[in-house]
Amino acid sequence: MQLTLWTYEGPPHIGAMRIATSMTDLHYVLHAPQGDTYADLLFTMIGRAKTRPPVTYTTFQARDLGGDTAQLFQDSVNSAYERFQPKAMIVGASCTAELIQDDPGGLARALTLPIPVIALELPSYQKKENWGASETFYHIVRGLLPVDKSVSAQQYQEVRANNAKQDQKPSCNILGPTALGFRNRDDIQEIKSLLEVMGIEVKVVAPLNASVADITQLPQADFNVMLYPEVAQLTCTWLQKTFGQPFTKTIPIGTKATRAFVQEVAALANINPEAFLQSQDERAHWYAKSVDSTYLTDKRVFIFGDASHVIAAAKVASEEIGFKVVGLGTYSREFAREVREAAKLYEVEALITDDYLEVEEKVAELTPDLVLGTQMERHIAKRLGIPCAVISAPVHVQDFPARYSPQMGFEGANVLFDTWIHPLMMGLEEHLIMMFRDDFEFTAKAAPSHLGHSAAVKENLHSPDAQSNEVAPVVSHTQVNAETFNGTEPAKLWDVEAEKELGKIPFFVRGKARRNTEKFAVEHGISHITIETLYDAKAHYGR
């Protein structure tokens with residue numbers, strides 16, 4: 001475990017919380033000290049959940065360590081059962097309580113409650129949140145599904161085939177969406193609608209909005225749709241091995257991937273998908289035929305997040321929009337192999353890390369035109385002055401929109417296009433304003449164009465620059481230590497005229513121009529950067 005200001009994933013018991021909060025009649029009793037009780041904050045404030053999470057804490061304190069913390073845990077389990085009356089319960093320990101070794105599973109089973117009690121052993125100091133969610137979902141499914149070990153997976157399928165009615169629709173389950181998942185709510189709606197239009201019945205969606213009874217119905221479907229491998233792959237693999245249920249491998253993010261997903265689903269359901277595919281209106285496709293599309297070609301993009309979204313985003317960026325992928329990485333170490341294989345397609349080296357400082361260093365080095373990442377990359381890109389769009393958890397409250405905003409399916413492809421393109425187009429507009437800022441229409445005295453030329457902006461008239469057409473110099477945020485400039489203060493490294501000239505460079509390469517100029521100055525013993533230095537550096541690095 002590493003102490004850090006930001007973290008991409010919490011400890012594994014947070015993943016268990018996400019599964020418990022996703023389901024409707026499951027309760028989680030967590031052996032945890034006071035201070036580890038932050039489920040309400042995560043799910044009601046950040047995730048905008050309508051109800052409080054079904055999590056009960058023992059909340060022992062330091063003085064309790066000298067007493068019987070095991071009895072305290074059992075009392076908490078009994079109290080939670082009597083108060084909430086769940087249909088099943090999961091029990092475990094937080095990272096701190098794990099050190100006490102009270103064995104929550106054994107203590108809970110000793111109470112002989114009249115419901116299934118599933119013990120979780122989640123090593124907090126070796127594993128993280130998504131792994132914890134995957135393990136929890138897997139153990140819930142295994143704990144609730146009765147399995148006759150004398151019957152093979154093939155025999156299970158033969159029994160299902162014999163019991164099937166003549167006009168019965170093909171059916172599937174959708175597995176993987178959870179609370180705090182990135183746009184999971186809308187992805188489910190989009191993919192469920194897509195499947196139903198294809199004539200496929202969706203029996204169970206789990207764990208999000210699933211009941212304990214729903215889990216027991218999973219083997220009744222013909223196949224499983226795995227939307228989020230980080231959570232569902234382990235469970236899908238077990239269901240295939242035990243009950244003979246195949247599962248999809250394609251993640252339907254982007255137009256091409258959605259079409260491939262439809263083909264894969266159609267093969268499993270034994271139906272013809274051509275009529276459905278021909279009926280789809282791909283609204284983002286028109287942009288490729290417009291003049292503006294040339295602005296997007298070969299834009300350099302850096303992508304970081306969970307493995308599934310990163311791999312899918314790279315394909316969309318490269319194959320559908322025409323971006324050039326210059327960096328690719330994930331914090332999902334369990335899927336590092338898949339991300340490395342994907343990185344080879346773009347001739348880049350995959351960045352596998354859970355340290356946001358390493359990610360920031362890589363972004364600063366590559367100076368891409370666009371960053372696609374998590375809320376951490378949003379902060380990183382903002383500091384570096386680079387456009388950014390969020391594509392993956394971890395996310396903040398603003399990434400749980402009230403509107404319908406899926407990432408998957410054909411509508412999700414439209415959302416992706418808008419979300420990724422708008423930061424670049426607004427950046428282009430900002431650059432054009434910077435280019436023409438000396439024009440009379442763009443002075444501080446000029447009113448916004450949509451208000452007409454006669455209107456005046458009162459707040460601008462009172463600004464220090466309102467009485468002059470002079471452009472304020474760009475504030476220097478140099479990244480070079482002042483000592484390398486013979487003690488010159490950072491604020492005095494750049495000449496005012498040089499700062500103005502630097503400001504004329506497009507924002508998306510301005511940071512790189514600044515760094516190259518400062519590096520050039522260091523190497524040539526220059527302690528004060530002028531316009532001549534700026535152009536000398538440009539000539540030097542342009543060779």
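When I speak of a contact today, I mean heavy atoms within 4.5 Å, and with that in hand we can begin at Ala266, which touches Met198, Ile271 and Pro273, leaving aside residues up to four places away in sequence. Please keep in mind throughout that what we are looking at is a predicted model.

Ala266 belongs to helix α10, residues 255–269. Is this alanine buried or exposed? Ala266 has a relative accessible area of 2%, and because the cut-off for buried is under 20%, Ala266 counts as buried. Its C-alpha atom is separated by 9.1 Å from that of Ile200, a residue 66 places away along the chain.

Let me step back to the chain as a whole. There are 543 residues, of which 52% count as buried, and the secondary structure comes to 20 helices and 12 strands. If we take the contacts between residues at least 6 apart in sequence, 70% of them join residues at least 24 apart.

As for confidence, the chain averages a pLDDT of 85, and 82% of the residues score at least 70. Which elements mark the two ends of that scale? The highest mean pLDDT, 98, belongs to strand β7, residues 223–226, while the lowest, 42, belongs to helix α17, residues 458–461. Over residues 453–479 the pLDDT stays under 50, and for that stretch the model has 40 contacts beyond four places in sequence.

Strand β7 brings us to the sheet, which is open, has 3 strands in the order β6-β5-β7, and shows parallel pairing. The edge strands, each pairing on one side only, are β6, residues 201–206, and β7. On average, and with direction ignored, neighbouring strands of this sheet are turned by 25° against each other. Strand β5, residues 171–175, pairs with β7 in the parallel sense over 4 bridges, and Ile174 stands opposite Val225 in β7. Packed on this sheet is helix α7, residues 184–197, which touches β5, β6 and β7, and whose direction makes about 170° with that of β5.

I would like to turn next to helix α12, residues 307–321, which has 15 residues and reaches 20 Å from its first C-alpha to its last, close to the 21 Å expected at 1.5 Å a residue. At the N-terminal end of α12, the cap is provided by Asp306, a side-chain oxygen of which lies 3.2 Å from the backbone nitrogen of Ser308. Ser308 is itself among the buried residues of α12, which also include His309, Val310, Val316 and Ile321, together with several alanines, among them Ala307 and Ala312. Just after the helix, Gly322 takes a positive phi of about 95°.

The last residue I want to show is Val147, which sits in the loop between α5 (129–144) and α6 (153–163). What contacts does this loop residue make, if we again leave out residues up to four places away in sequence? Val147 touches Tyr156, Trp238, Thr242 and Phe243. Thr242 is 95 residues away from Val147 along the chain, and yet their C-alpha atoms are separated by 8.0 Å. Even with these contacts, Val147 counts as partly exposed, because its relative accessibility is 33%, which falls between the 20% and 50% cut-offs.

So those are the two residues to look at side by side on the screen: Ala266, buried in the model, and Val147, partly exposed.

Key: Residues numbered from 1 in each chain as written. Predicted model: local features only at pLDDT ≥ 70, side-chain atom pairs only at ≥ 80, totals over all residues. Heavy atoms only, no water. Buried < 20%, exposed > 50% of the residue type's maximum accessible area, 1.4 Å probe, protein only. pLDDT = per-residue confidence, 0-100. Pairing = 2+ DSSP bridges. Axes fitted to C-alpha atoms, helices over the stretch in contact; angles between N-to-C directions. Expected span 1.5 Å × (residues − 1). Polar contact = N/O pair within 3.5 Å; in protein donor to acceptor, adjacent residues only side chain to side chain.
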